[in-house]
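Please open the model in your viewer and keep the sequence panel beside it. The stops below suggest what to select next and say what is there.

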Amino acid sequence: MLPLRSKLDSGRFFYTGDDIVTKDPVCGMNVDENNSQYRLEHNGKQYSFCSEQCKNKFEQHPEQYARSAA
Ligand SMILES: [Zn+2]
């Protein structure tokens, strides 16, 4: 039985096993892809956002944010 702490220790940089952490292309925040409620597909790529506000910004200027995320 592993204590919870060892999971945290191995999960530095917000990476914990199956969780995929990506960056909100609008504000640069780390977003957990599995838990994000704000997702969008653009040019066949999935984007996750921290909030509806960021998602709306991306929707208005997708080319601006999609480019900087590369
Ligand atoms: Zn954001």
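Which residue in strand 4 is the bridge partner of tyrosine 38? Select tyrosine 38 and look across to strand 4, where phenylalanine 49 is its bridge partner. Keep in mind from the start that this is a predicted model.

**The whole chain**

Zoom out and colour by secondary structure, and the protein chain shows three helices and four strands, which follow one another along the sequence in the pattern α-β-β-β-β-α-α. Buried residues make up 16% of the 70 residues in the protein chain, and of the contacts with a separation of 6 or more, 26% are between residues 24 or more positions apart.

**Colour by confidence**

Switch the colouring to pLDDT, which averages 78 over the protein chain, with 69% of the residues scoring at least 70. Confidence is lowest in helix 1, residues 4-10, with a mean of 48, and highest in helix 2, where the mean is 96. Now select residues 6-12, over which pLDDT stays under 50 and for which the model has three contacts beyond four places in sequence. Where pLDDT is low, the predicted coordinates should not be read in detail.

**The hairpin of strands 3 and 4**

Select residues 38-42, which are strand 3, together with residues 45-49, which are strand 4. The two strands run antiparallel and are joined by five bridges; besides the pair already visited, leucine 40 has tyrosine 47 in strand 4 as its bridge partner.

Between the two strands of this hairpin there are two residues, and asparagine 43 is in the loop there. Although asparagine 43 is not a glycine, its phi is positive, at about 55°. Asparagine 43 counts as exposed because it has 8 C-beta neighbours inside 10 Å.

Step next to histidine 42, which is found in strand 3 and counts as partly exposed, because it has 15 C-beta neighbours inside 10 Å. Leaving aside neighbours within four places in sequence, histidine 42 is in contact with Tyr47, Pro62 and Ala66. The C-alpha atoms of histidine 42 and proline 62 are 7.5 Å apart, although 20 residues separate them along the chain.

On strand 4, select lysine 45, which counts as exposed because it has 11 C-beta neighbours inside 10 Å. From the C-alpha atom of lysine 45 to that of alanine 66, which is 21 residues away along the chain, the separation is 9.1 Å.

**The nonpolar core**

Which residues make up the largest nonpolar core? Select Val26, Val31, Tyr47, Phe49, Cys54, Phe58 and Tyr65 and show their side chains, since these seven residues form that core. Strand 4 and helix 2, the latter covering residues 52-60, are the elements that give two or more residues to this core.

Return to phenylalanine 49 and display what surrounds it: not counting residues up to four places away in sequence, phenylalanine 49 touches Asp24, Val26, Val31, Ser36, Tyr38, Cys54, Lys55 and Phe58.

From there, move to valine 31, whose place is in strand 2, residues 30-32. Is valine 31 buried or exposed? It counts as buried, because valine 31 has 24 C-beta neighbours inside 10 Å. Apart from residues up to four places away in sequence, valine 31 touches Val21, Thr22, Lys23, Asp24, Ser36, Ser48, Phe49 and Cys50. If you draw a distance from valine 31 to serine 51, which is 20 residues away in sequence, the viewer should give 9.7 Å from C-alpha to C-alpha.

**Helix 2, from both sides**

For the last stop, select helix 2 and mark Cys54, Lys55 and Phe58, which are buried. Turn the view until you look down the axis of helix 2, and the buried residues fall within an arc of 100°, so they line one face of the helix. On the other side of helix 2, mark Glu52, Gln53, Glu59 and Gln60, which are exposed. Two of the buried residues marked here, Cys54 and Phe58, also belong to the largest nonpolar core, and phenylalanine 49 touches Cys54, Lys55 and Phe58 among others.

Definitions and conventions. Residues are numbered from 1 along each chain as its sequence is written. This is a predicted model: local features need pLDDT of at least 70, side-chain atom pairs count only at pLDDT 80 or more; totals for chains, interfaces and linings use all residues. A nonpolar core is a set of buried Ala, Val, Leu, Ile, Met, Phe, Trp, Tyr and Cys residues joined through C-beta atoms within 7 Å. A residue is buried if 20 or more other C-beta atoms lie within 10 Å of its own, exposed if 12 or fewer, and partly exposed in between; C-beta atoms are placed from the backbone. Two residues are in contact if their C-beta atoms, placed from the backbone, lie within 7 Å. The arc is that of the directions from the helix axis to the C-beta atoms. pLDDT is the predictor's confidence in each residue, from 0 to 100. Two strands pair if DSSP finds at least two bridges between them.
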